[in-house]
Amino acid sequence: MQDPLLHRPAPSDDPLGRFFWQSGADGVLRFLRCGDCGYWLHPPSSRCPQCLSANVAPQPVSGRATVHTFTINVQPWTPGQEPYVYAIVEFPEQDGLRLTTNVVGCPIDEVRIGQQVRVAFVDRNDAYYPVFVPEAT
Ligand SMILES: [Zn+2]
């Protein structure tokens with residue numbers, strides 16, 4: 001199976017985003033959510049862009065998403081790198097709540113816009129990278 005994360009460096013140690021990279025330790029994907037208006041924030045920010053509240057905290061999402069768009073990377077950035085799917089997925093929790101990620105667990109030519117996927121985590125470099133696999137149909 002293709003492994004787009006094999007040579008990926010560790011994420012930055014930004015305190016605001018640290019929860020995101022550790023969230024997968026219990027298998028649950030989390031984003032910041034505003035405690036005042038309910039707006040989901042990604043990428044992380046210290047204030048809600050909707051109501052400017054600083055009352056934001058990590059909250060779990062279902063982990064189910066839809067492939068919004070994708071591309072197939074064929075450039076071997078590191079020796080031996082196989083082609084992989086680089087995708088933007090959108091979550092049902094909020095219109096426009098999207099994550100740039102990888103779709104894995106199926107042949108790269110089977111990925112489709114609108115496909116239902118769910119989160120999985122790859123534990124590497126002291127971080128849990130969220131990736132997405134096709135929902136069983
Ligand atoms: Zn808000």
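The questions and answers below concern a predicted model and take up its zinc site, one sheet and its largest pocket. Residues are numbered from 1 along each chain as its sequence is written, and side-chain values use heavy atoms, with hydrogens and water left out. Because the model is predicted, local features need pLDDT of at least 70 and side-chain atom pairs count only at pLDDT 80 or more, whereas totals for chains, interfaces and linings use all residues.

Q: Which residues are the protein donors of the zinc ion?
A: Donors are N, O and S atoms within 2.8 Å of the metal (3.2 Å for Na, K and Ca), and since water is not among the atoms, sites may look incomplete. The protein donors here lie 2.3 to 2.4 Å from the zinc ion, each through its SG atom. In sequence the spacing of these residues is C-x2-C-x10-C-x2-C. The donor residues are C34, C37, C48 and C51.

Q: What is the arrangement of the four donor atoms around the zinc ion?
A: Four donors count as tetrahedral if all angles lie between 85 and 135 degrees. The donor atoms around the zinc ion subtend angles of 104 to 117 degrees, so the arrangement is tetrahedral.

Q: Is C37 buried, partly exposed or exposed?
A: Buried means under 20% relative accessible area, exposed over 50%, and partly exposed in between (1.4 Å probe, protein chains only). C51 has 35% relative accessibility and therefore counts as partly exposed. C37 has 41% relative accessibility, so this residue counts as partly exposed.

Q: In what order do the three strands form an open sheet?
A: Strands (E, at least two residues) are DSSP runs numbered from the N terminus, and two strands pair if DSSP finds at least two bridges between them. Five bridges join β1 to β3, which run antiparallel, and C34 stands opposite V56 in β3. The edge strands, each pairing on one side only, are β2 and β3. The order is β2-β1-β3.

Q: Which element gives the largest share of the lining of the largest pocket?
A: On a 1 Å grid over the protein atoms alone, a pocket is an open set of points where a 1.4 Å probe fits, with protein on both sides within 12 Å along at least five of seven lines, and lining residues have an atom within 4 Å of a point. The largest pocket is lined by 18 residues, with R8, F20, W21, L99 and T100 nearest its centre. Two or more lining residues come from each of α1 (18-22), β6 (98-103) and β8 (127-134). The largest share, four residues, comes from β6.

Definitions and conventions
Tetrahedral: all angles 85-135°; square planar, octahedral: opposite > 155°, others 65-115°.
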